[in-house]
Amino acid sequence: MDAIIIEGLKVDTVVGCFTWERQIIQPLLLDLTIHTSLENAALSDELQDTLNYAEICEISAKVIQDAAPKLIEHAAKLVVDALFTTYPVVESIMITIRKPAIIPQANSVGIRLERHRKDFR
């Protein structure tokens, strides 16, 4: 299956449950795998026949920054919902969100969601 892959998208935002976290900006790192047919783009070599990577990044960052979520699980759902809404041709999305340096003993902590269009409500 064809896929667009975006790795290590840095989103600086308010995120977290604790009072001190709500008062600072923290980085999140997003990895996205977006399954959609790339056949037309591969044949035509035209941007209009694929999804715009920069736009995907902008949408993903904006929905998280606007929401200032408590949980990265919720941040991931916001991104998935926004991308399914914006791009009807997307078949499925896998998103990983990591929160670096929040646990001293770990490089990062994170979650991964995988959703299919049929699951989108």
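What percentage of the 121 residues in the protein chain do buried residues make up? Buried residues come to 36% of the 121; buried means under 20% relative accessible area, exposed over 50%, and partly exposed in between, with a 1.4 Å probe and protein chains only. This is a predicted model, in which local features need pLDDT of at least 70, side-chain atom pairs count only at pLDDT 80 or more, and totals for chains, interfaces and linings use all residues. Residues are numbered from 1 along each chain as its sequence is written, and side-chain values use heavy atoms, with hydrogens and water left out.

**View 1. The whole protein chain, with 3 helices and 4 strands.**
From the N terminus on, the elements run β-β-α-α-α-β-β. Helices (H or I, at least four residues) and strands (E, at least two) are DSSP runs, numbered from the N terminus. The radius of gyration is 15 Å, close to the 14 Å that the globule rule gives for 121 residues, so the protein chain is as compact as a globular protein of that length. That radius is taken over C-alpha atoms, and the rule is 2.2 Å times the number of residues to the power 0.38. The C-alpha trace spans about 50 × 30 × 20 Å along its principal axes. About 7300 Å² of the protein chain is exposed, and carbon and sulfur atoms supply 54% of it. Accessible areas come from the Shrake-Rupley method with a 1.4 Å probe; for residues, only the protein chains shown count as cover. Of the contacts between residues at least 6 apart in sequence, 62% join residues at least 24 apart. Contact means heavy atoms within 4.5 Å.

**View 2. The open sheet of 4 strands, in the order β1-β2-β3-β4.**
Pairing in this sheet is antiparallel. β1 (3-13) and β4 (108-116) stand at the edges, each with a single partner strand, so one side of each is left without a neighbour in the sheet. Neighbouring strands are turned by 15° against each other on average, direction ignored. Two strands pair if DSSP finds at least two bridges between them. Strands of a sheet pair through backbone hydrogen bonds, either parallel or antiparallel. Here β1 and β2 pair over 9 bridges, and β3 and β4 also pair over 9 bridges. At the β3-β4 pairing, Pro-100 has Ser-108 in β4 as its bridge partner.

**View 3. Strands β2 and β3, with helix α2 on the sheet.**
Strand β2 (residues 26-35) is joined to strand β3 (residues 92-100) by 7 bridges, and the two run antiparallel. Leu-30 has Ile-97 in β3 as its bridge partner. Helix α2 (residues 53-67) packs on the sheet and touches β1, β2 and β3. The direction of α2 makes about 40° with that of β1. Axes are lines fitted to C-alpha atoms, for helices over the stretch in contact, and angles run from 0 to 180 degrees between N-to-C directions. Elsewhere in this pairing, Thr-33 stands opposite Met-94 in β3.

**View 4. The largest nonpolar core, with 30 residues.**
A nonpolar core is a set of buried Ala, Val, Leu, Ile, Met, Phe, Trp, Tyr and Cys residues joined through side-chain atoms within 4.5 Å. Residues with the most contacts inside this core are Leu-30, Leu-32, Ile-34, Ile-56, Leu-83, Ile-95 and Ile-97. The elements that give two or more residues are β1, β2, α2, α3 (72-86), β3 and β4. α3 gives the most, with 8 residues.

**View 5. Leu-30 and its surroundings.**
Leu-30 in β2 is the bridge partner of Leu-9. Leaving aside neighbours within four places in sequence, the contacts of Leu-30 include Ile-6, Val-11, Ser-60, Ile-64, Val-79 and Ile-95.

**View 6. Ser-92 in strand β3.**
Ser-92 is buried, with a relative accessible area of 3%. Its bridge partner is His-35. Not counting residues up to four places away in sequence, Ser-92 touches Thr-33, Ile-34, His-35, Phe-84, Arg-115 and His-116.

**View 7. Two loop residues with positive phi, Asp-45 and Ala-68.**
Asp-45 lies in the loop between α1 (39-44) and α2. Its phi is near 65°, a positive value in a residue other than glycine. Asp-45 is exposed, with a relative accessible area of 68%. Ala-68 is found in the loop between α2 and α3. The phi of Ala-68 is near 45°, again positive in a residue other than glycine.
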